[in-house]
Amino acid sequence: MPYPTARPAAPNGPGHCPRCLAEVLWCITAANRVPFAVNPQRDDNGNQAVRQDHTGRWLTRQLTRERPTPENDEHLHMPHLKTCTAPPPKTPRPPASRSRHGVRPVRWQR
């Protein structure tokens, strides 16, 4: 195959949280273009400015010191990570005492 397969589209619009199955609004972040879940209800205490562009995609940006208020057609929403009822998955930690026995020599040391 001469061309790589197409990457699937990021989740965008109304959906569900994969951990707690609550309704969320999937948006694309302005900074990195990655999917980000926010609560669908507007919240004046939120820190995510959410808007819908002319193509129907939901976009979000975090409020910053340079742009502290919503602009034009943006509305404040709360990130779903702060209100998710399911605990975050536990990642296994590496063993605390990891001893090093030696270093692999590079080519000129052999």
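This is a short walk through the strand pairings of one predicted model and a few residues in its loops.

Hi everyone. Some housekeeping to begin with: residues are numbered from 1 along each chain as its sequence is written, and side-chain values use heavy atoms, with hydrogens and water left out. Because the model is predicted, local features need pLDDT of at least 70 and side-chain atom pairs count only at pLDDT 80 or more, while totals for chains, interfaces and linings use all residues.

Let's take the strands. By strand I mean a DSSP run of E with at least two residues, numbered from the N terminus, and two strands pair if DSSP finds at least two bridges between them. Strand S2 (residues 23-29) pairs with strand S3 (residues 35-42) in the antiparallel sense, over four bridges. One pair to look for is Trp26 with its bridge partner Ala37 in S3. The two strands form a hairpin with five residues between them, and Arg33 in that turn has a positive phi of about 60 degrees.

Next, strand S4 (residues 48-52) runs antiparallel to S5, joined by five bridges. Here Arg51 stands opposite Leu59 in S5. This is also a hairpin with five residues between the strands, and Gly56 in the turn has a positive phi of about 100 degrees.

Now find S6. S4 pairs with S6 in the antiparallel sense over three bridges, and S3 pairs with S6, also antiparallel, over two bridges. Have a look at His77 in S6: Gln48 stands opposite His77, and so does Arg42.

On to the loop between S5 (58-62) and S6 (75-79), where Glu74 sits. Is Glu74 buried or exposed? Glu74 counts as buried, because its relative accessibility is 10% and buried means under 20% relative accessible area (1.4 Å probe, protein chains only; exposed is over 50%, partly exposed in between).

What does Glu74 touch? Leaving aside neighbours within four places in sequence, Glu74 is in contact (heavy atoms within 4.5 Å) with Ala49, Val50, Arg51, Arg61 and Arg67. The side chains of Glu74 and Arg61 are joined by a polar contact of 3.0 Å. For that term, we need a pair of N or O atoms within 3.5 Å; within protein, one must be able to donate a hydrogen and the other to accept it, and residues adjacent in sequence count only if both atoms are side-chain atoms. A polar atom of the Glu74 side chain also lies 2.9 Å from the backbone nitrogen of Glu71.

In the same loop, between S5 and S6, is Asn72, a residue other than glycine with a positive phi near 45 degrees. Asn72 counts as exposed, at 82% relative accessibility. Thanks, everyone!
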